[in-house]
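The following paragraphs offer an introduction to the salt bridges of one protein model. The reader is invited to keep the structure in view throughout.

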Amino acid sequence: MDKIGHAAAECERLGLSFGVHNCDGWTSSGGPWVTAEHSMKQIVHREMVVKGGKINLKLPEPTKRGDYYKDVAVIAYPALESEIVEFEVKPEVTSSSSDFNTEKIIDGKIDDRVLLKAPKNGMSWIQWDFKKPHTVRSFYLNCEKKKEDGITKLQMSDDGINFKDVVDFKVLRQGKKEYAIDKHFEAITARYFRFVTDMDFEISEINLSGVYRFNDMLARTSLYMQENHKLPALDQAPENMIIKKDQIINLTQFVDENGLLKTKLPKGNWTIMRFGYTITGAVNSPASDSGRGWEVDKMSKASFKTFFDGYVKNVIDASKKVAPNALQYIEIDSYEVGGQNWTQDYDADFKKYFGYDIMQFLPLYAGRYIDNTDATERILWDVRDFNSKLMVENYFDYFTELCHDNGLISYVEPYSFNAAFNELDATRSVDIPMGEFWMHQNYQTETAVSGARIYGKNVVSAEAFTALPEVNWKSHPGLMKISGDIAWTHGINEFMFHRFAHQANTNVVPGMTMAGWGSHIDRTQTWWDNAGKSWFKYLARGQYMLRKGNPVSDLLVFVGDGTPSSSYKANSISPKLPDYVNFDNINADALVNRITVKGNKMVLPNGISYYMLNLKNMKEVKLSTLRKIAELAEKGIIITGDKPEKLAGYNSSVTDKQEFEKLVKLIWSAPNTLKNIPWEEIYSSYNIPKDLVIKDGKDINYTHRKTDEEDIYFFYNPHKSEKTFECTFNVPNKIPELWNQMTGKITKIAAFNHNSNGTTTAIIKLPSEGSVFVVFRESSKDVTSIQTSFALNNPSVEVTLSDENKLEFDISNKGTYDVKLNNGTIQRHFVKNIPAPMAISKGWKVTFPVIKSETKTFHFSELIDWTTHNNEEIKHFSGTAIYERSFNLDKESIAKEVKLVLDLGKVDIAAKVILNGKDLGVIWKAPYQIDITNAAKAGENMLKIEVTNQWSNRLIGDENYPDLSGYYESKTMPDWYKNNEPAPLGQRSTFTTYNFFKKGDSLIPAGMVGPVIIKASVLKK
């Protein structure tokens, strides 16, 4: 904690704030101070079949992970026929590996694991020989697997020699490292069966059973995350495969503390099940050995308080005593540690909430049907609903409560791929919800954005620019920009960089990494002080704009009552949403408790409003939710989507079911409840204005925010070339302004038309992967604009408005231009002469300040890629090189009406331009063009360009020399590093903790290749 205190004191001294993750690692909330008693729990069982009469037997103990197990109940019921067969028939179980212990994996427990290793380019197998034809219906496997994807299947044979495939399996990821196969299938009869795979598995339990177990058992009992709307309906079980609730006998009182059962049962065969709970075995990850421990129970406030006090409170205390204001944030990052389905007093709390006793239905946790298929489905629905409720209240909500108790702000990524909770519910209390996005690929932002909006939180953060190892040191602001722009259009307005590594040794570069993961956003980057600084300004300007006012969306998508649920993406809504439709997701809590109706719109307390409600995941619906939807229908709100199918849950009265039918009929007969109507037709029929239509802008996202005085739109050009867009905005009678977050410059567009339907059409030109804020704030009354058709047909003429709203023209080609104005007049402009373009690609003096050579300055007769130079130091150079040369301008080129732009052509990756001693700024994204008008002069001009590339080429070059650092041999930090001393580099120039490159790898483009041209245009008013 001394280091935490030091960090806090330094933050306070420098005027900074800091936050920490709530435990070691990035997932999720655990540590060595969490005892098994306070860890995540799951219900487990063992079963046997006995004859009725006097019973005096020691019950087998269920799974006991972490040396922790507590009994829940012992029950008995008349054994199903398939259970009797299962108990009597003992197959011979063998494997392809002679040293594989099959007894360990068929003992009914998931305590220990045994490695089944697949031969190279071959298959391993586990075989059951039942000695005669035997019928199987389900398969279960608990394991840890060693590679991502492979073959897993069930085979059958009558002779033990010739096998055929009968079932393909999907391996489910239950936790960070725990996997399972959970498959129910139509009855298959054979003597021999084989589980076959080409993957290495550490197996703890495998079970091939003839019992009719319901499908998706792990998902239905919250041990695997499969969204409710994706869960297939339960198969209709035969009557002889169903347990009758009134035949279940609770024998718990007849079992002593050692598991000895003494009782008497009626005649016949009885199945005895011993239920208890143990821990899931989940640990926080990836953590240091000293910081790793059990994951805390997510369903218990008492357990979470113990966890919080064991680490977070210590961080708080260490910080506050030396720096009261430095520590401000605590975070829960990626949730990857799996589900749980039990906790202390679970049964009592369940009964209090639902009004019936889950203890009467414990065989559900063993995959058995009880009473009938419908009852089984409904009880399991309640179980998942309750599990989500416990987790949200006692983990996510309580985390923020404890943060607030200590004066701190909570950050949470409220979603998971392997824990069964309702994600939007998890956002309701958190201060700043977080999403995540990966470079040029996955955007997981919907829950954070929608959750923030429906619960009134303005800042939406994201783990930003996460990347695979392929990106490594190649990343730079120009490469990352488009990914960030897309995230902005999704609703993110704060970036939490993935990743920024602490560079403790100030003598080495590029230094520390986070193994192979993430974009390397570090102060040791070559581009940190030029492109980095400019990019940070870009981000700050954009995020400021995206926090103003309220977001604008037309549609609310209800995610349903069923658990678990996440948030819907646009491509999962049918009919397909047009590009002009923005939407947010909403859960039942916010729909019922936070939505009101004003006029023809649904309104949240923060003022965000919506025209339409789309219903999803409506297989089962709660009455409270249905009443709210009926209320909205009666008030005229447009409703689309799925029709409610049945009342949710088990304990519903006849009156409840009658009310359900009545409400569904009311909603579905309302004239404003629309069935399979195209969105275009809905917008037209109900006169809903389209917020932003970008002509030929297929799949281009945008975002819109509104203040009392402003409409703020943001969109981007996804193409690798310049594009001109015809955009129609839902704003009347205001001037469109382009707010350029690259430069901070504001430009009023002159090419716009106001349309009779209250919209404005404007022509906007964006460079390759460019983006812009379009702001409407100033009245266009008495302002003369030009017709948009002229702008589209004359790309060499750019027309803007001055501060006084007078037309200004920037013309790049000679000719006569009849400019059509929107007041019906024509303004003619004649351009006779424009200074010719000046090529300055030859004769550059280029200095490489840090190369290991006596000569550091070279003459480049032609501009070339550095990697093609015959000097090895230049070929592998990483850093900033200085290009210098002079050029002459005549008086005509600097005339008052002439504008000059320097076009650098191809640059990898950033360029700082200094003309005649004047710093004109850094260009860090194509097109590499900059206005030099105010710095140019007649006669000789001195031009200096500081060009920066990435670390990659130097790192590749250093692989030609021996590594003397001592790091890779020991895999620990060498003393010279810990003591902040220079590295023993030898012939190398770099040191890094993860080697992405090897000798001979291809170099990446570097330097300024050009052509470098000075281009002129003529300004007219």
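Is Asp-129 buried or exposed? In this predicted model, Asp-129 has a relative accessible area of 6%, and it is buried because buried means under 20%. Asp-129 forms a salt bridge with Lys-131, and the closest N and O atoms of the two are 3.2 Å apart. Lys-131, by contrast, is partly exposed, with a relative accessibility of 48%. The pair also belongs to a network of salt bridges that links Glu-92, Asp-129, Lys-131 and Arg-191.

Such contacts have a general basis: side chains of opposite charge can pair when their charged atoms come close. A search of the whole structure finds 59 salt bridges, and two further examples are described below.

One of them joins Asp-289 to Arg-292, with 3.1 Å between the closest N and O atoms. Here Asp-289 is exposed, its relative accessible area being 67%. Its partner Arg-292 is partly exposed, at 33% relative accessible area.

The other salt bridge is formed by Asp-818 and Arg-828, whose closest N and O atoms lie 2.6 Å apart. Asp-818 is located in strand 44, which covers residues 815–820, and Arg-828 in strand 45, which covers residues 826–831; the pair therefore ties together parts that are 10 residues apart in sequence. With a relative accessible area of 33%, Asp-818 is partly exposed, whereas Arg-828 counts as exposed at 59% relative accessibility.

Methods. Residues numbered from 1 in each chain as written. Predicted model: local features only at pLDDT ≥ 70, side-chain atom pairs only at ≥ 80, totals over all residues. Heavy atoms only, no water. Salt bridge = Lys/Arg side-chain N within 4 Å of Asp/Glu carboxyl O. Buried < 20%, exposed > 50% of the residue type's maximum accessible area, 1.4 Å probe, protein only. Helix = DSSP H or I, 4+ residues; strand = E, 2+ residues; numbered from the N terminus.
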